Amino acid sequence: MDRTGSADLPLHSGRVPDWLAQRMARMSRVLVEALVLHYGRHEVLRRLAHPFWFQSLGAVMGMDWHSSGVTTTVLGALKRGLTPGGRQLGLYVVGGKGLQARRTPDELRIIGDRVGIDADALIRASRLAAKVDSAAVQDGFELYAHSLILSDDNAWAVVQQGMNANARQARRYHWLSEGLGSFVESPHAAIEGPNQGVILNLTDRRASRARAAQVELVSQGPDVVLGALRKLRPAPAPVPFTPLLPHLQMPVHEEVTREDVVLRRLHGTLAAAAEQGPRDFAELLLTPGVGARTVAALASVAEVLHGSPSRFTDPARFAFAQGGKDRQPFPVRLDVYDETLRVLRSAVDAAKLGNDERLQAIRELDRQARRLEAAATGASSAPSFEALVQEGWKDVTELLPTDAPPRRPSGRPGWRRRSAERSQLELPGLDEDTPGNSSPHSR
């Protein structure tokens with residue numbers, strides 16, 4: 001297993017409104033079903049372990065394109081979407097944010113009793129992943145969210161996130177069981193978050209002697225440890241760490257700008273949608289009434305399903321599929337979102353019955369986009385970035401709420417719930433006192 005990159009994630013607060021949370025759950029379900037039909041269950045785990053693809057998935061489902069809230073919202077949508085009928089797909093999602101993360105072992109035991117997976121091994125993997133990212137990788141981020149996605153043959157992926165409140169930043173960590181040789185030597189599939197210079201990373205393979213020395217010191221008792229500390233001399237200044245892997249720099253600004261998008265890719269997607277033609281595409285899908293906006297959204301969804309990892313370096317581009325919760329680059333239009341869901345559901349259901357013509361039609365949009373990408377950018381008729389944003393705002397008749405209303409306080413008037421002790425429980429490094437951890441839509 002190798003790391004796939006890192007990225008900056010600005011820390012955002014708030015709660016996802018129900019109108020989006022419900023649709024994201026349905027969208028995540030149908031996308032996972034399509035991936036399983038095309039590539040199998042293990043490919044779903046590989047995709048979720050890729051930070052660029054994960055961020056693009058959140059954007060194509062209408063979530064904020066760059067914020068830390070993508071992590072908990074996408075994982076929450078997956079959990080709600082896959083829980084009903086999870087046995088049919090052979091995929092399950094456990095954990096979540098705050099207290100939900102601490103319930104991971106119990107949820108794994110319940111699934112183990114139902115389907116016969118090795119729950120004890122998965123619980124150990126979950127705890128080790130949390131322990132490594134909270135103790136062995138000391139980078140200034142405190143874990144507050146932890147989710148494990150597993151298949152019924154004991155393959156798994158872990159996505160967890162830490163917070164640096166002072167820096168207003170979040171860091172997302174990705175793990176994958178495939179090819180994992182050790183939890184303490186270069187175990188991550190990826191780490192996504194801000195590059196903050198020098199960090200203490202005891203999981204680096206170059207730190208094997210340091211790990212062995214720590215075990216030896218502990219086994220020899222406290223006197224030896226104290227003696228070694230007394231002999232310590234001032235260490236030379238550390239050499240700043242420079243990541244060798246691609247780094248996805250998610251900007252602080254909320255608006256989508258021209259610099260955030262690889263325009264030739266967006267032009268290719270829109271050109272593929274236009275060349276297919278709404279009328280011909282609707283006939284192929286046997287869904288009359290599919291409009292041009294829906295076909296364009298389906299073209300972006302097709303790339304999320306079939307695109308190669310190198311095509312997800314600009315997650316903002318996928319916000320042009322449905323729009324964004326915070327109206328960036330333009331507001332979500334429910335009619336387009338619901339029609340996209342209907343077409344996808346129809347295609348997946350037909351493929352389950354042996355008729356994959358509709359699902360292949362969606363795949364063809366991705367092929368066409370890559371073929372037309374270069375020509376679309378050079379064409380004089382290619383719309384500018386500003387024109388694409390204006391087109392997204394066209395015919396917007398309703399501005400939906402961008403946040404859920406605040407939760408009503410529970411209990412009797414004047415009664416305050418006793419705060420839980422800040423102790424290490426099931427998952428070390430997870431803070432159960434994080435505000436908003438009880439809501440499935442909280443970020």
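**Exercise 1. The chain as a whole**

Among contacts in the chain between residues at least 6 apart in sequence, what percentage join residues at least 24 apart?

*Solution.* The model is a predicted one, and in it 73% of the contacts between residues at least 6 apart in sequence join residues at least 24 apart. These contacts can be set beside the secondary structure, which comes to 17 helices and nine strands, and beside the burial of the chain, where 53% of the 443 residues count as buried. For the outside, the accessible surface comes to about 20,600 Å², with 53% of that area belonging to carbon and sulfur atoms.

**Exercise 2. The nonpolar cores**

Determine which residues touch the most other members of the largest nonpolar core, and which helix gives the core its largest share.

*Solution.* The largest nonpolar core has 80 residues, and within it Leu31, Leu57, Met61 and Phe320 touch the most other members. Its largest share, ten residues, comes from helix H1, which spans residues 18–39. Taking Leu31 as the next step, and setting aside residues up to four places away in sequence, one finds that Leu31 touches Leu57, Met61, Val301, Leu305 and Leu344. A second core, separate from the largest one, has 19 residues, including Val94, Ala130, Trp156 and Val158.

**Exercise 3. The largest cavity**

Describe the largest cavity by its volume, its lining residues and the elements that supply them.

*Solution.* Three cavities of 30 Å³ or more are counted, and the largest of them holds about 50 Å³ of space. The largest cavity is lined by Ser28, Leu31, Val32, Leu35, Val44, Leu48, Trp53, Leu57 and Leu78. Two or more lining residues come from each of H1, helix H2 (41–48) and helix H3 (51–60), and H1 gives the most, with four residues. Leu31 and Leu57, already met in the core, thus return in this lining.

**Exercise 4. Two aspartates in loops**

Is Asp314 buried or exposed, and what do the side chains of Asp314 and Asp326 contact?

*Solution.* Asp314, in the loop between helix H13 (292–306) and H14, is buried, because its relative accessible area is 4% and the cut-off for burial is under 20%. Its side chain is joined to that of Arg317 by a polar contact of 2.9 Å, and, leaving aside neighbours within four places in sequence, Asp314 is in contact with Asp260, Val261, Val262 and Arg265. Asp326 lies in the loop between helix H14 (319–322) and helix H15 (334–352), and its side chain makes a polar contact of 2.8 Å with the side chain of Lys325. Beyond residues up to four places away in sequence, Asp326 touches Asp64, Glu254 and Thr402.

Conventions:
Residues numbered from 1 in each chain as written. Predicted model: local features only at pLDDT ≥ 70, side-chain atom pairs only at ≥ 80, totals over all residues. Heavy atoms only, no water. Polar contact = N/O pair within 3.5 Å; in protein donor to acceptor, adjacent residues only side chain to side chain. Contact = heavy atoms within 4.5 Å. Core = buried A, V, L, I, M, F, W, Y, C linked by side-chain atoms within 4.5 Å. Buried < 20%, exposed > 50% of the residue type's maximum accessible area, 1.4 Å probe, protein only. Areas by Shrake-Rupley, 256 points an atom, 1.4 Å probe, with all protein chains shown as cover. 1 Å grid on protein atoms, 1.4 Å probe; cavity = no way out; pocket = protein on both sides within 12 Å on 5 of 7 lines; lining within 4 Å. Points joined across faces, edges and corners; volume = space filled by probe spheres on them.
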